[in-house]
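I opened a fresh notebook page for this protein. My plan was to look at what packs against what, and then jot it down.

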Amino acid sequence: MTVELSKQEEIGVSEMKGVAREVVCHRFSEEEWVRTSVHVPSEMELTIYINQQELVTILCTPSKLNFLVLGFLYGEGIISGPDNVMMMRMCQEESLADVRLSNSEYKLPTQRTLTSGCGGGAVFKTHGQRVDSNLIVTPGEVLSLMKQLQEQMDLYRFSGGVHSSALSDIEKLLVVSEDIGRHNTLDKIQGECLMRGLSTKDRLLLTTGRISSEMLLKAAKMQVPVIVSRHSPTGKAVSLANELGITLVGHARGSRLIVYSHPKRLGPQQDQSSDQTNPRE
């Protein structure tokens, strides 16, 4: 696969990609107004073309765009790997990704589902594959990994306003991504793993964003048995997690977490119903 980058995408606007120029604002603190300037995250509309046909426009943070596009196409089943891509030209100035597949006769999907992600993303695939894994982790290991993610949220610390996600083994983070769209962070992770030849199977996904159904389906595509968030999942995400064999963990922060599905991956769970005593006795 050949990847061509525009000059701006290749060298970046600054050392911290994804950050817009400083904006002037007025801060109110301790009963006083102060005129100051702050950094905010960048946002762009990236239109993906497949064999010169427009596929979709994604609102995203302009960093790791090649990984974002590759991961999105893989997650939606449009490609099965990098070998299916003959050429990919990223042009940030024109806000487009020009992708040419080795299959020149590929027909674009016609059915699109709007997601609950930031900016109203879109997916073309709404069914997931079951995850079978013998992976076992402890609550302490999960919470330690979430702490590592917090320490590596560079763009968030600099500008705020973005989501962060990571792929990890039990001990350390393997890939970290940040974006204004939480679903984009997973696509960036998937794309980077494809480019690096890094397997996502039997890993953990950590994210700062809410886990909704499309996030859960992306995890299933990666064959990730455990997905963890600092926030709450949606009801449909919990149902899908139970159906697809994924351990779904929410509200993971500090020393606490909640497991919504397949809790045995986090250690043996005691059936408390058999141990409950009659409060009248």
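I took contact to mean heavy atoms within 4.5 Å. This is a predicted model, where local features need pLDDT of at least 70, side-chain atom pairs count only at pLDDT 80 or more, and totals for chains, interfaces and linings use all residues. Residues are numbered from 1 along each chain as its sequence is written, and side-chain values use heavy atoms, with hydrogens and water left out.

**Entry 1: Ile50 and its core.** I looked up Ile50 and, leaving aside neighbours within four places in sequence, found it in contact with Leu55, Leu73, Val99, Leu101, Tyr106 and Leu108. I then checked the largest nonpolar core (buried Ala, Val, Leu, Ile, Met, Phe, Trp, Tyr and Cys residues joined through side-chain atoms within 4.5 Å; buried is under 20% relative accessible area with a 1.4 Å probe, protein chains only). This core has 26 residues, and Ile50 is among those with the most contacts inside it, as are Leu46 and Val69. Elements giving two or more residues to this core are β4, β5, α2, β6 and β7; helices here are DSSP runs of H or I, at least four residues, and strands are runs of E, at least two. The largest share, seven residues, comes from α2.

**Entry 2: α2 against α5.** I found the axes (lines fitted to C-alpha atoms over the stretch in contact, angles from 0 to 180 degrees between N-to-C directions) of α2 and α5 coming within 6 Å and crossing at roughly 95°. That makes the two helices, α2 and α5, roughly perpendicular (65 to 115 degrees). Residues making the contact include Phe67 and Phe72 of α2, and Leu194 and Met195 of α5.

Technical notes:
Buried means under 20% relative accessible area, exposed over 50%, partly exposed in between (1.4 Å probe, protein chains only). Angles under 35 degrees count as roughly parallel, over 145 as roughly antiparallel, 65 to 115 as roughly perpendicular and the rest as oblique.
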